[in-house]
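Work through the following exercises with the sequence and the model at hand, trying each task before reading its solution.

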Protein chains: 2
Amino acid sequence: MKLGRLNHIGVATPSIADSIGHYRETMGAVKVTEPFDLEAQGVKVCFVDTPGENGTHGTQIELIEPLSDASPIAGFLAKNPLGGQHHVCFEVEDIAEAREWFEEQGKRILGPTRIGAHGTPIFFLHPKDMMGQLTEIMETPKEGAHWSN
Amino acid sequence: MKLGRLNHIGVATPSIADSIGHYRETMGAVKVTEPFDLEAQGVKVCFVDTPGENGTHGTQIELIEPLSDASPIAGFLAKNPLGGQHHVCFEVEDIAEAREWFEEQGKRILGPTRIGAHGTPIFFLHPKDMMGQLTEIMETPKEGAHWSN
């Protein structure tokens with residue numbers, strides 16, 4: 001496998017509205033997508049765009065708020081009440097190939113491959129097998145399909 | 001202030017050698033800088049390059065290993081023995097202006113502005129004032145000065 005783009009970092013928050021305020025007003029973010037519910041994962045999410053080099057799109061920040069106490073994010077916030085860094089997400093060209101690769105490496109995959117917040121297939125790898133980092137692998141979105149503008 | 005590039009994410013590790021192995025062998029990283037000691041901060045660091053869009057440089061991953069039990073990273077590892085995400089680092093054009101901006105916002109700045117791992121001035125902001133994220137602000141390196149190739 002070849003290391004793909006760091007598509008986004010996932011950041012848990014007790015209030016997506018407060019986090020958007022923080023990124024817009026304190027950090028100077030210009031583009032933030034409209035929050036939407038990912039019911040299957042029990043979370044509300046939105047993306048903050050950061051600039052890349054030479055006018056390209058940079059790594060996004062995914063803000064994640066639990067929809068209920070049953071959400072896995074609720075457990076994270078119980079330990080980190082202010083929120084914080086939750087996962088990293090790297091792109092791959094072929095999700096099935098990537099899944100096979102990590103299985104061969106003996107890495108635990110958390111559940112089936114499913115459609116993620118960008119509308120492309122994703123899966124998560126167990127942080128205990130990934131040097132402490134909950135790692136999402138996502139198939140690269142088709143051009144222009146995943147940006148907020 | 002305008003949100004700058006996400007220069008890198010900082011990832012703590014009990015073994016920089018193991019983490020380099022993980023990124024190279026499991027994740028398929030191609031470019032990893034030689035680890036070096038940042039004595040003033042009590043850490044050994046190196047950078048894993050990730051690709052950006054259209055052949056640009058992407059956000060780097062800074063691997064950070066404590067040089068001794070007195071390092072602030074040692075405390076992080078006591079809570080997270082496998083390692084994990086430690087901080088985020090955004091670029092700004094002018095470090096003095098950025099420092100003034102965050103001071104005006106009432107954000108706690110951790111220590112004086114100093115030279116960071118990329119050789120440009122940096123400072124850190126208190127995670128409790130930054131929605132739970134330890135946030136590094138760095139002045140954009142001069143072109144070509146900060147990459148491993």
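## Cysteines and charged pairs

Over all chains of this predicted model, the structure holds zero disulfides.

**Exercise 1.** Explain why Cys89(A) and Cys46(B) form no bond with the cysteine whose sulfur is closest to each.

*Solution.* Begin with the cut-off, which requires the two cysteine sulfur atoms of a disulfide to lie within 2.5 Å. For Cys89(A), the closest cysteine sulfur belongs to Cys46(A) and is 16 Å away, which is too far for a bond. Next take Cys46(B), for which the closest cysteine sulfur is that of Cys89(B), again at 16 Å and too far for a bond. Finally, consider the surroundings: Cys89(A) is buried, with a relative accessible area of 0%, and Cys46(B) is likewise buried at 0% relative accessibility.

**Exercise 2.** Find the partner of Arg5(A) in a salt bridge, and work out which parts of chain A the pair ties together.

*Solution.* Side chains of opposite charge can pair when their charged atoms come close. The partner of Arg5(A) is Glu91(A), and the closest N and O atoms of the pair are 3.3 Å apart, which satisfies the cut-off of 4 Å for a salt bridge. Now place the two residues: Arg5(A) lies in the segment before β1 (6–12), whereas Glu91(A) lies in strand β5 (residues 84–92), so the pair ties together parts of chain A that are 86 residues apart in sequence. As a last step, check the accessibility, which shows that both Arg5(A) and Glu91(A) are buried.

**Exercise 3.** Locate the salt bridge between Arg108(A) and Asp129(A), and decide for each residue whether it is buried or partly exposed.

*Solution.* The closest N and O atoms of Arg108(A) and Asp129(A) are 2.8 Å apart. This pair links distant parts of the chain, with Arg108(A) in the loop between α3 (95–104) and β6 (109–115) and Asp129(A) in the loop between β7 (121–125) and β8 (135–139), 21 residues apart. In the second step, Arg108(A) counts as partly exposed because its relative accessibility is 43%, while Asp129(A) is buried, at a relative accessible area of 15%.

**Exercise 4.** Describe how Glu103(B) and Arg99(B) are placed relative to each other in helix α3 of chain B.

*Solution.* First, the side chains of Glu103(B) and Arg99(B) meet in a salt bridge, at 3.7 Å from N to O. Both residues sit in helix α3 (residues 95–104) of chain B, and because they are four residues apart, about one helical turn separates them. Glu103(B) is partly exposed, with a relative accessible area of 47%. To set these pairs in context, the structure holds six salt bridges over all chains.

Terms used:
Residues numbered from 1 in each chain as written. Chains lettered and ligands numbered in written order. Predicted model: local features only at pLDDT ≥ 70, side-chain atom pairs only at ≥ 80, totals over all residues. Heavy atoms only, no water. Buried < 20%, exposed > 50% of the residue type's maximum accessible area, 1.4 Å probe, protein only.
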